[in-house]
Amino acid sequence: MTHNENYIIKVSNLSIGYRSKKQISTIASNLNIKLKAGNMVCLLGKNGIGKSTLLRTLTKVQPALSGDVFIDEKNLKLLTNNDLAKTLSLVLTERLPDSSLTVFELVALGRQPFTNWIGYLTSEDLEIIYKAFEKTNTKHLMNTKCYELSDGQLQRVLIARALTQNTPIIILDEPTAHLDLHHTISTFSLLKNLASEFNKTIIISTHETNLALQLADELWLMSSSKFVSGKTEDLINNNELDNLFDSELIRFSKTLKQFTISHSK
C-alpha cells in the first residue's frame with residue numbers, strides 16, 4: 001500500500017461473519033473499500049443483510065473471518081484497544097444501562113483513552129468536553145441524569161461523547177432508529193456538519209435511505225448478491241440502487257434520486 005493514497009480506511013478482501021467450533025457462517029465476503037478522510041458515508045441495505053456485522057468488524061468488536069482492515073494505514077489486527085480508541089469512536093443504538101451518571105459524566109468518559117490511570121481531567125480535556133457540548137447543542141443538559149433524557153437528547157449526548165474522544169473516525173449504528181422526523185433530520189445535519197467542518201470521517205448504518213441519498217458523500221450498498229461503495233452520484237448514475245432492496249413494493253427513481261412506492265401490479 002503506497003503512502004500517497006491517504007486512505008483513512010482501506011478494506012482488502014474482507015470476509016465477515018461468525019465462527020464457532022463447529023462451523024463458519026459467512027455473511028459477506030470479498031469486501032474491498034477505500035475511503036478518504038472527511039467524508040460522510042451511509043451504509044444501506046435491508047434488515048439482516050449484515051450492516052451491523054460489518055461495522056462491528058471494522059471497529060474490532062468482532063474478528064474478521066479473513067482479509068484485512070487498515071485504519072489510517074495501520075492494520076486493525078495490530079492496533080491495541082487504547083490505540084483504536086484514539087482513532088475511532090463508536091455510537092450504538094442501545095439504551096444505556098440504568099445508572100445515576102449525569103450527562104457531563106457520560107460525555108467526559110470520552111476522554112478516558114487520553115487521561116492517566118486516575119482519570120484526571122486537565123484544562124485541555126475540559127475544553128474539548130465543553131466544545132463537544134456546544135457543537136451538539138447539549139450544554140443545557142450537562143447536569144441532567146442520563147436516564148431522564150429523551151431518545152433524541154440521548155443520541156446527541158452520545159455523539160458529544162464521541163466528539164470528546166476526539167477521533168478522526170466516528171461510526172454510528174442506526175443512530176436515528178428511535179427518533180421522530182425532526183430529530184432524525186437534526187442528527188443527520190449535525191453529522192454532515194462534523195464531517196465537513198472538522199474533516200471527521202462519519203460512517204452511519206441507516207434505514208433513512210432518502211435522507212442518506214441527499215446528504216451522504218459516499219454510499220456503501222449491501223445486498224445479498226454484492227457490496228458496492230462509491231460516491232453517491234456515481235452509484236445513482238450506474239443504477240446500483242435499483243436492486244438494493246429486491247422488492248416489488250419500492251423502486252428507485254433516478255429522476256427524483258429517491259426511493260418511491262411502486263404502483264406496478
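**Entry 1: Thr53 and helix α1**

I began with Thr53 in this predicted model, asking whether it is buried or exposed. Thr53 has a relative accessible area of 5%, and because buried means under 20%, I entered Thr53 as buried. I then noted that Thr53 sits in helix α1, and I listed what it touches once its neighbours within four places in sequence are left aside: Ile16, Gly17, Tyr18, Ile27 and Gln62. To place the helix itself, I looked at what α1, residues 51-58, lies across, and found β1, β2 and β4, with the helix running at about 120° to β1.

**Entry 2: the sheet under α1**

Next I traced the sheet that contains these strands, which is an open one of four strands in the order β2-β1-β4-β5, with antiparallel pairing. Which strands stand at its edges? They are β2 (24-36) and β5 (74-75), each of which has a single partner strand, so that one side of each is left without a neighbour in the sheet.

I went through the pairings of β1 one at a time. With β2, strand β1 pairs in the antiparallel sense over nine bridges, and a hairpin of four residues joins β1 to β2; within this pair I picked out Tyr7, whose bridge partner in β2 is Lys36. With β4 (residues 66-71), strand β1 (residues 7-19) pairs antiparallel over five bridges. Here I wrote down two partners in β4, namely Phe70 for Lys10 and Asp68 for Ser12. As a reminder to myself when reading along such strands, in a regular strand the side chains alternate between the two faces of the sheet.

**Entry 3: the six-stranded sheet**

I then turned to another open sheet, this one of six strands in the order β6-β7-β8-β3-β9-β10, where the pairing is mixed. Its edges are formed by β6 (88-91) and β10 (227-231), and since each has a single partner strand, one side of each is left without a neighbour in the sheet. From one strand to the next the twist averages 15°.

At the β10 end I checked the pairing with β9 (residues 218-222), which is antiparallel and runs over five bridges; Leu221 has Val228 in β10 as its bridge partner. I also asked which strands α5 touches where it packs on this sheet. The answer is β6 and β7 (169-173), and the direction of α5 makes about 165° with that of β6.

**Entry 4: α5 against α6**

Staying with α5, I looked up how it meets helix α6. The axes of α5 (residues 151-164) and α6 (residues 181-198) come within 10 Å and cross at roughly 15°. Angles under 35 degrees count as roughly parallel, and therefore I recorded α5 as roughly parallel to α6. The crossing in which α5 passes α6 is right-handed.

For the contact I listed Gly152, Gln155, Arg156, Ile159 and Leu163 on the α5 side, and His183, Ser186, Thr187, Leu190, Leu191 and Leu194 on the α6 side. Sorted by character, the residues of this contact come out as five nonpolar, five polar and one charged.

**Entry 5: Asn199, after α6**

Following the chain out of α6, I stopped at Asn199, which is found in the loop between α6 and β8 (201-205). What caught my attention is its phi, near 55°, a positive value in a residue other than glycine. Its relative accessible area is 49%, which puts Asn199 in the partly exposed class.

**Entry 6: the β11-β12 hairpin**

My last stop was the hairpin of β11 and β12, which has four residues between its strands. These strands pair in the antiparallel sense over four bridges, and Ile250 stands opposite Ile261 in β12.

In the loop between β11 and β12 I looked at two residues. Lys257 is in this loop and has a positive phi near 60°, again in a residue other than glycine; at 37% relative accessibility, Lys257 counts as partly exposed. Leu256 also lies in the loop, between β11 (250-253) and β12 (258-261). Is Leu256 buried or exposed? Its relative accessibility is 53%, and because exposed means over 50%, Leu256 counts as exposed.

As a final distance, I noted that the C-alpha atoms of Leu256 and Thr167, which are 89 residues apart along the chain, are separated by 36 Å.

Conventions. Residues are numbered from 1 along each chain as its sequence is written. This is a predicted model: local features need pLDDT of at least 70, side-chain atom pairs count only at pLDDT 80 or more; totals for chains, interfaces and linings use all residues. Side-chain values use heavy atoms; hydrogens and water are left out. Two strands pair if DSSP finds at least two bridges between them. Contact means heavy atoms within 4.5 Å. Axes are lines fitted to C-alpha atoms, for helices over the stretch in contact, and angles run from 0 to 180 degrees between N-to-C directions. Angles under 35 degrees count as roughly parallel, over 145 as roughly antiparallel, 65 to 115 as roughly perpendicular and the rest as oblique. A crossing is left-handed if the near helix is turned anticlockwise from the far one by less than a right angle, and right-handed if clockwise. Ala, Val, Leu, Ile, Met, Phe, Trp, Tyr, Cys and Pro count as nonpolar, Asp, Glu, Lys and Arg as charged, and the others, Gly among them, as polar. Buried means under 20% relative accessible area, exposed over 50%, partly exposed in between (1.4 Å probe, protein chains only).
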